[in-house]
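Hello,

Here is the structure for you to look at. Please open it first, then read the notes underneath.

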Amino acid sequence: MYNHILRSFTLLLFFSFFHGVFGQERQPRTDLPFEISEKRRLSERDFKNKKEGGYFTGLPLINSDPNVGVGYGARVLYFYNGAKTSPMFEYTPYRVRIFAQYFNTTKRAPYHQLSVDAPYIFDTKWRLRADLVYERNPNSLFFGIGENTLQPLSYLERNDPNGQIRRNAPFADYEDNLNYRRPGDAGSGEAPIVSDHRYNRYDIENPNFSTSGEYSFFGGTLRTVTGVRLSKQIIRRYDGKYNDAQLGSVDGILGLLDVDRTFGTPQGETKLTRDDKDGKIKGINGGYTNTVRAGIVYDTRDFEPDPNRGLFLEYTHERSTKAIGSTSEFNKNLVSGRIFISPVQWFTNKPPEILEKFVLAARGTMIQTNGDAPFYEYRNMWGTEINQSGLGGRTTIRGYKQDRFVGQTMAFANFEIRWKFAEAEFGGQHFDFQLVPFYDVGRVWDRTEDANLKNYKHSRGIGLRIPWNQATVIYFDHAISNEDRQTFINFNHIF
């Protein structure tokens, strides 16, 4: 598999070089405090539209994610760009970005955050990032760990132990049928009558702090990254908790009549508890995860929040150890590559306005987890810019539920076409409008040496992006897979 990754990265480098050969370069500035590659320089269009000085943007957060519900809250951002006459203005997305966020959802999944990002801080080659986060998701999904999660969903009709089994099920039908009452299993400690409404659900609470410093080499195209994460995980299970459940075959004639009534019913044994009893997972009682982090990045993108061209390659390593207060000993390795190509600009320096921003964007990522990792850590993927969770959900395979596929080794890829079809000015604020068809693919393995190019999961969809003053991107996506349909509303490109 690593040979496949090496060939893929070589191909990405080739395309990046090919673009550089055909692109026309402006004269480099001579007043920079240190060398910064011209590949990192903003396009003339982005330079013209970039705001001077400092400014606030206040965002009411209205968000939709099928797994956590409709989100609401507010985010206040402060950007400081400096003056257009500053030599750094053309080579940075901003000099400082600070934001504070209050956020909750209709399914009680808060995500509060304070974040700081300062590229080339104090005109040095260092970049500082820091994030303080409180998050809790009482609707977290767990389908197990490893290749078994790749199996299509199946269920017993009306959750009846003697019912007909339905295979290759849509997620909605799967969950609907788990909500019927069934006889409990006394041997596993269940009540006489239970439902499986939350069979694949658990509640995780996670306050955490992370910070990193990046040092630039070779004009900013190469960066080394070091940092730490301090976090606590509190796990709550739903075994025995009461939910409203549909009458089933266990309810005799009323269940057979399919009466549309629900009764408070205890939850049966959850998937999380079952896998813990079978010795398949660790960490069911939560704990502390404190890690040290290191990485290396090659980055030639022209504008980080909404690139037109460039290449981004990274390798990261994260180590959890009891020596710094962690509950478990494990490590993670991640390799990832992104490429952004503006093919029209290969042939003309001034494309027609309708094709002024037409970008082909692609990303591929692979991660492995080694050691005594708790079950909730397999899903976490640390990148130097993006923290992601499991395969499925808004940032990986968008047509499947969040964390639908999780394993010791995971790989996924995303392909997007980003076409700006309109722009507008409102009250001194600049907005672009981009149409974004996309395609996602990925899978998991039990062992890294088993990785191959077979039996991947796929999803496809269409999106709308609205860059606001370039650095804030409003995001709408609708995705479809063989198992589900999902619509997301959020902020920022997924890569």
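**Cavities and pockets**

The structure holds eight cavities of 30 Å³ or more. Keep in mind that this is a predicted model.

Start with the second largest cavity. Its volume is about 90 Å³. Which residues lie closest to its centre? They are Arg40, Pro119, Tyr120, Arg127 and Arg223, out of 13 residues that line this cavity.

Now look at the kinds of residue in that lining. Six are charged, four are nonpolar and three are polar. Two domains take part in the lining of the second largest cavity: domain 1 (27-124) and domain 2 (135-494). Each gives at least three residues.

Next, move to the second largest pocket. This pocket has a volume of about 720 Å³. How many residues line it? The lining has 30 residues. Nearest the pocket's centre are Tyr174, Tyr199, Asn200, Lys271 and Arg274.

By class, the pocket lining splits into 12 nonpolar, 10 charged and eight polar residues.

Some helices and strands help to build this lining. At least two residues come from each of these:

- β6 (155-156)
- α3 (171-178)
- α5 (271-277)

Which element gives the most to the lining of the second largest pocket? That is α5, with three residues.

To follow this on screen, select Arg40 and Arg223 for the cavity. Then select Tyr174 and Lys271 for the pocket.

Best wishes

Methods
Residues are numbered from 1 along each chain as its sequence is written. This is a predicted model: local features need pLDDT of at least 70, side-chain atom pairs count only at pLDDT 80 or more; totals for chains, interfaces and linings use all residues. Side-chain values use heavy atoms; hydrogens and water are left out. On a 1 Å grid over the protein atoms alone, a cavity is a set of points where a 1.4 Å probe fits but cannot get out, and a pocket is an open set with protein on both sides within 12 Å along at least five of seven lines; lining residues have an atom within 4 Å of a point. Grid points are joined across faces, edges and corners, and a volume is the space filled by probe spheres set on the points. Ala, Val, Leu, Ile, Met, Phe, Trp, Tyr, Cys and Pro count as nonpolar, Asp, Glu, Lys and Arg as charged, and the others, Gly among them, as polar. Domain bounds come from an automatic or database domain assignment. Helices (H or I, at least four residues) and strands (E, at least two) are DSSP runs, numbered from the N terminus.
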